[in-house]
Amino acid sequence: MTDPIADYLTRLRNALKARHRIVEIPASNTKKAITQVLFEKGYIANYKFEDEGPQGHIKIALKYIPGTGEPVIQKLTRVSRPGLRLYKGVEEMPRVINGLGIAILSTNKGIMTDKEARRLNVGGEVLCYVS
């Protein structure tokens with residue numbers, strides 16, 4: 001697999017479109033950090049790391065809006081990819097839907113949102129947009 005983060009986002013998108021409650025994804029440290037950011041920002045209901053086998057899995061409980069049943073995550077977009085890495089400094093940090101969404105970045109201080117990166121005054125690789 002050339003782009004495991006794109007695979008992670010695609011599995012989430014497909015599970016949301018199929019209205020699944022839980023999705024199971026092969027684990028890596030980057031995927032675990034992205035999952036923690038999504039949980040902290042309220043985009044997923046819960047998660048669990050299982051260390052079975054050589055790689056392990058991440059079980060993610062997806063979150064839907066009560067009443068309408070619409071998924072909380074409306075759009076997941078992969079930005080930086082193996083063929084074209086996208087790095088942004090703190091001055092040119094992207095804003096997703098004018099601050100209503102988040103951009104997830106990989107910085108030298110770990111994986112974080114665009115708002116946290118601005119607060120810590122660090123730039124990095126823009127992994128994806130979530131809204």
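For these exercises, Ala, Val, Leu, Ile, Met, Phe, Trp, Tyr, Cys and Pro count as nonpolar, Asp, Glu, Lys and Arg as charged, and the others, Gly among them, as polar. You're working with a predicted model, in which local features need pLDDT of at least 70 and side-chain atom pairs count only at pLDDT 80 or more, while totals for chains, interfaces and linings use all residues. Residues are numbered from 1 along each chain as its sequence is written, and side-chain values use heavy atoms, with hydrogens and water left out.

**Exercise 1. Work out which way the side chains of β3 point.**

Step 1: find strand β3 at residues 57–62 (strands are DSSP runs of E, at least two residues, and helices are runs of H or I, at least four, numbered from the N terminus).

Step 2: sort the side chains by face. Ile58, Ile60 and Leu62 share one face and are buried (under 20% relative accessible area with a 1.4 Å probe, protein chains only; exposed is over 50%, partly exposed in between). His57, Lys59 and Ala61 point to the other face and are not buried.

**Exercise 2. Find the partners of β3.**

Step 1: look at β1, residues 22–26, which pairs with β3 in the antiparallel sense over five bridges (pairing takes at least two DSSP bridges). Here Val23 sits opposite Ile60.

Step 2: go to β2, residues 44–50, which runs antiparallel to β3 and is joined to it by six bridges. Phe49 stands opposite Ile58.

Step 3: check the turn. β2 and β3 make a hairpin with six residues between them, and Gly53 in the turn has a positive phi of about 75°.

**Exercise 3. Trace the largest nonpolar core.**

Step 1: get its size. The core has 25 residues; such a core is a set of buried Ala, Val, Leu, Ile, Met, Phe, Trp, Tyr and Cys residues joined through side-chain atoms within 4.5 Å.

Step 2: ask who supplies it. α1 gives the largest share, six residues.

Step 3: zoom in on Leu12. Not counting residues up to four places away in sequence, Leu12 touches Val23, Ile25, Leu38, Ile60, Leu62 and Leu76 (contact is heavy atoms within 4.5 Å).

**Exercise 4. Place Asp3 and describe its surroundings.**

Step 1: locate Asp3 in the segment before α1.

Step 2: judge its accessibility. Asp3 counts as buried because its relative accessibility is 14%.

Step 3: list contacts. Leaving aside neighbours within four places in sequence, Asp3 meets Arg78, Arg81 and Pro82.

**Exercise 5. Classify the lining of the largest pocket.**

Step 1: define it. On a 1 Å grid over the protein atoms alone, a pocket is an open set of points where a 1.4 Å probe fits, with protein on both sides within 12 Å along at least five of seven lines; lining residues have an atom within 4 Å of a point.

Step 2: count by class. The lining has four nonpolar, two polar and three charged residues.
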